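Please open the model in a viewer and keep the sequence panel in view. The tour below proceeds by selection, with a short account of what is found at each stop.

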Amino acid sequence: MNTRKKVIAGNWKMNKTSAEGVALAQEIVAAVGKQGAVEVVVCPPFTAIESVGRVLEGSEVRLGAQNLHAEASGAFTGEVSAPMLRAIFATHVILGHSERRTLFGETDEGVNRKTLAALKHQLRPIVCVGETLAEREAGTTLKVVQTQLERGLEGVSREQAASVIVAYEPVWAIGTGKVATTEQAQEVHAFIRGLLVKLFGDAMAQRIRILYGGSMKPANAPELLAQKDIDGGLIGGASLEARSFLELVAAAAK
Ligand code: PGA
């Protein structure tokens, strides 16, 4: 049994107005606001992040963003920085999500700059990696994941690594209802753990949480979360309703 605290992080994507986000956050706080067994994180869109943050105040539920800009301030129209997120008490930030990579042209180098900026400003980066269906079918899954992970974490020190969370999200499983089998997921998670050993040493690698993402739901979560190297979930669709999200938190607490 490892001692890594499980993480259940809700990625709301481009869903929920500020008022809707507040209502959802209130339900989550009422149900799990005081528990400390699982690290529960919600990542609202920027327009809802401050109002949701106020609902989370005084609770154990953490506030995350879905992206940031690597610079602290300046002429970057439309962007939000790490210090701005810290100022509203965000603690986590999702970086390199496959939708950012495929729809908004994010590169491993860009993800790396953002990861270093997040760490510099005491935000926990949730660094996403994962292969497309074509890459899996071509047998290049591990190579793709290795490249994304090594480039994304370049320059991260051993001390900083304790704050890093990795999310393995097979692109073909995101929002498709197609979940990776537990064997497929555990295989890649174990591979990522091995890469983290090489990067940061064994003791540190054993502390870093590796989340699974891609159609995780109450029905499939218990089996996934029981795997040795699966330390939680990055949840899209099932995080938009309190009931399913809370069931996932309960599954992670087991
Ligand atoms: P999904 O999304 O749970 O809806 O598949 C996961 C994610 O994209 O983080």
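Is F89 buried or exposed? Select F89 in this predicted model: its relative accessibility is 64%, so F89 counts as exposed. The residue is found in the loop between α3 (82–87) and β4. Its phi is near 70°, a positive value in a residue other than glycine. Most residues other than glycine have a negative phi.

**The barrel**

Next, display the strands alone. Eight of them form a closed barrel in the order β1-β2-β3-β4-β5-β6-β7-β8, with parallel pairing. On average, neighbouring strands of this sheet are turned by 25° against each other, direction ignored. Strands of a sheet pair through backbone hydrogen bonds.

Select β4 (residues 92–95) together with β5 (residues 124–129): the two run parallel and are joined by four bridges. Within this pair, I94 stands opposite I126 in β5. Now add β3, which runs parallel to β4 and is joined to that strand by two bridges. Here G64 stands opposite H92 in β4.

**Both sides of β4**

Show the side chains of β4. In a regular strand the side chains alternate between the two faces of the sheet. H92 and I94 lie on one side of β4, V93 and L95 on the other, and all four are buried, so that both faces are covered.

Centre the view on L95, which lies in strand β4. L95 counts as buried because its relative accessibility is 1%, where the cut-off is 20%. Leaving aside neighbours within four places in sequence, the residues in contact with L95 include N67, L68, V111, K114, T115 and A118. P125, I126, V127 and C128 are also in contact with L95. A further selection is V129, which is 34 residues from L95 in sequence and 9.4 Å from L95 in space, C-alpha to C-alpha.

**Helices on the sheet**

Select helix α2 (residues 46–56). This helix lies across β2 (39–43) and β3 (62–65), and runs at about 170° to β3. Then select helix α12 (residues 242–253), which packs on the sheet and touches β1 (7–11), β2 and β8 (232–235). The direction of α12 makes about 160° with that of β1.

Remain with α12 and mark its ends. The helix has twelve residues and reaches 16 Å from its first C-alpha to its last, close to the 16 Å expected at 1.5 Å a residue. Its buried residues are A242, S244, F245, L246, L248, V249, A251 and A252. They pack against β1, α1, β2, α11 (221–225) and β8.

**Helices α7 and α9**

Move to helix α7 (residues 141–152). Why does its length agree with expectation? At 1.5 Å a residue, its twelve residues should span 16 Å, and the end C-alpha atoms are 16 Å apart. T141, V144, V145, Q146, Q148, L149 and G152 are buried in α7. The elements against which these buried residues pack are α4 (98–104), α5 (108–120), β5, α6 (133–137), β6 (165–168) and α9.

Select α9 (residues 182–200) next. Its 19 residues reach 26 Å from the first C-alpha to the last, close to the 27 Å expected at 1.5 Å a residue. An α-helix has 3.6 residues a turn, so residues three or four places apart point the same way. In α9, the buried residues include T182, A185, Q186, V188, H189 and I192. R193, L195, L196 and F200 are buried in α9 as well. Immediately after α9, select G201, whose phi is positive, near 90°.

**Loops and a charge over a ring**

Select A180, in the loop between β6 and α9. Is A180 buried or exposed? With 3% relative accessibility, A180 counts as buried. Beyond its neighbours within four places in sequence, A180 is in contact with P170, W172, A173, A185, Y212 and L224. A180 and S215 are 35 residues apart in sequence, and their C-alpha atoms are 8.5 Å apart in space.

Turn to K16, in the loop between β1 and α1 (18–32). Its phi is near 80°, a positive value in a residue other than glycine. K16 has 25% relative accessibility and therefore counts as partly exposed.

For the last stop, select R100 and F104. R100 lies over the face of F104, at 4.3 Å from the ring centre.

Terms used. Residues are numbered from 1 along each chain as its sequence is written. Side-chain values use heavy atoms; hydrogens and water are left out. A charge sits over a ring if NZ of Lys or CZ of Arg is within 6 Å of the ring centre and within 35 degrees of the ring normal. Two strands pair if DSSP finds at least two bridges between them. Axes are lines fitted to C-alpha atoms, for helices over the stretch in contact, and angles run from 0 to 180 degrees between N-to-C directions. Contact means heavy atoms within 4.5 Å. The expected span of a helix is 1.5 Å times one less than its number of residues. Buried means under 20% relative accessible area, exposed over 50%, partly exposed in between (1.4 Å probe, protein chains only).
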